[in-house]
Amino acid sequence: MVTRVLIADDQAMVRTGFRLILESEPGLEIVGEAGDGAEAVRLARELRPDVTLMDINMPRVDGLQATRLLAGPGVTEPLRIVVVTTYDLDENVYAALRAGACGFLVKDAGPRLLIEAVKAAAQGDSMVSPSVTTRLLEQFTRDAKPVAANPLTDRETEVVKAVARGRTNNEITDELVVSLSTVKSHLSSAQRKLNLRNRTELAIWAWENRLVS
């Protein structure tokens, strides 16, 4: 199955580099490129790519606003956005995930991580650059509020905690000794009960409510 990717970055050389990296991987196809945020929103809505790589600092509409328009609260059919930027500032990471991004990478993360982030997003998983993960989780813990009434079952809570620790669905099946379909069912149920849109928001919820440390 082919994963269709849209690349949004205001630097042509960056777009070309990403294209060369991704097209060298079987199963990945570049369906379009955008040089600014407004064009990224237009193309994403028109092409409906499986994954969009989104830069933050772009003209006309910045990447955070473009992400919010494509995957943020109120979007009926949110797209999967991976924010890729030069700057791994904590506020950028936090804002990107809050805007609906399902992943965050710095541009020097390397070809393999770029490919893995695209594949993870296409499968409904998420990836954040290792260089920012620890700081990000510390931020969520620092801003955490007291645990509210947890509407999840014990099994759903175990699955959500595993997601918050960065586990993929396949890794969760091994840890909890359950089927892949069961993991997906628990995740869907948890998202519905908590009114969250994706596994990244589930992870944030778990950290903010101190279910993991």
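A crossing of two helices is called right-handed if the near helix is turned clockwise from the far one by less than a right angle. In this predicted model, helix 2 passes helix 3 in just such a right-handed crossing. The axes of helix 2 and helix 3 (residues 63-71) come within 9 Å and cross at roughly 20°. Because angles under 35 degrees count as roughly parallel, helix 2 is roughly parallel to helix 3. On the side of helix 2, the residues that take part are Gly37, Ala40, Val41, Ala44 and Arg45, and they meet Ala66, Leu69 and Leu70 in helix 3. By character, the residues of this contact between helix 2 and helix 3 divide into 6 nonpolar, 1 polar and 1 charged.

A few overall values help to place this pair. The protein has 10 helices and 6 strands. It consists of 213 residues, and 48% of them count as buried. Among contacts in the protein with a separation of 6 or more, 64% come from residues 24 or more positions apart. The accessible surface amounts to about 10200 Å², and carbon and sulfur atoms contribute 51% of that area.

Just after helix 2 comes a residue worth a visit. Pro49 sits in the loop between helix 2 (37-47) and strand 3 (51-54). Pro49 has a relative accessible area of 4% and is buried, since the cut-off for burial is under 20%. Beyond residues up to four places away in sequence, Pro49 touches Arg4, Val5, Leu6, Val31, Ala44 and Leu79. One of these, Ala44, also belongs to the set of helix 2 residues that meet helix 3. The C-alpha atoms of Pro49 and Ile81 are separated by 9.7 Å, with their positions 32 residues apart along the chain.

Attention now turns to helix 7 and its partners. The buried residues of helix 7 are Glu156, Thr157, Val159, Val160, Ala162, Val163 and Ala164. Their cover includes helix 8, helix 9 and helix 10 (199-208). After helix 7 comes Gly166, which has a positive phi near 90°.

With helix 8, the geometry is as follows. The axes of helix 7 (residues 154-164) and helix 8 (residues 169-176) come within 10 Å and cross at roughly 130°. Helix 7 and helix 8 are therefore oblique to each other, and their crossing is right-handed. In this contact, Arg155, Glu158, Val159, Ala162 and Val163 of helix 7 meet Ile172, Glu175 and Leu176 of helix 8. These residues divide into 5 nonpolar, no polar and 3 charged.

Helix 9 meets helix 7 at another angle. Here the axes of helix 7 and helix 9 (residues 180-194) come within 9 Å and cross at roughly 95°. This value falls in the range of 65 to 115 degrees, so helix 7 and helix 9 are roughly perpendicular to each other. From helix 7, Arg155, Glu156, Val159, Val160 and Val163 take part, and they meet Val183, His186, Leu187, Ser189, Ala190 and Lys193 in helix 9. The residues of the contact between helix 7 and helix 9 divide into 6 nonpolar, 2 polar and 3 charged. Val159 and Val163 are among the helix 7 residues that meet helix 8, and both also appear in the contact with helix 9.

A residue of helix 8 adds to this picture. Asn169 is found in helix 8 and, at 8% relative accessibility, counts as buried. Leaving aside neighbours within four places in sequence, Asn169 is in contact with Asp125, Leu180, Val183, Lys184, Leu187 and Arg199. Two of these contacts, Val183 and Leu187, are also among the helix 9 residues that meet helix 7.

The loops that follow helix 8 and helix 9 each offer a backbone detail. Val177 lies in the loop between helix 8 and helix 9. Although Val177 is not a glycine, its phi is positive, at about 55°. Val177 has a relative accessible area of 70% and is exposed. Asn195, in turn, is found in the loop between helix 9 and helix 10. Its phi is near 60°, a positive value in a residue other than glycine. With a relative accessible area of 69%, Asn195 is exposed.

Technical notes
Residues are numbered from 1 along each chain as its sequence is written. This is a predicted model: local features need pLDDT of at least 70, side-chain atom pairs count only at pLDDT 80 or more; totals for chains, interfaces and linings use all residues. Side-chain values use heavy atoms; hydrogens and water are left out. Helices (H or I, at least four residues) and strands (E, at least two) are DSSP runs, numbered from the N terminus. Buried means under 20% relative accessible area, exposed over 50%, partly exposed in between (1.4 Å probe, protein chains only). Contact means heavy atoms within 4.5 Å. Accessible areas come from the Shrake-Rupley method with a 1.4 Å probe; for residues, only the protein chains shown count as cover. Axes are lines fitted to C-alpha atoms, for helices over the stretch in contact, and angles run from 0 to 180 degrees between N-to-C directions. Angles under 35 degrees count as roughly parallel, over 145 as roughly antiparallel, 65 to 115 as roughly perpendicular and the rest as oblique. Ala, Val, Leu, Ile, Met, Phe, Trp, Tyr, Cys and Pro count as nonpolar, Asp, Glu, Lys and Arg as charged, and the others, Gly among them, as polar.
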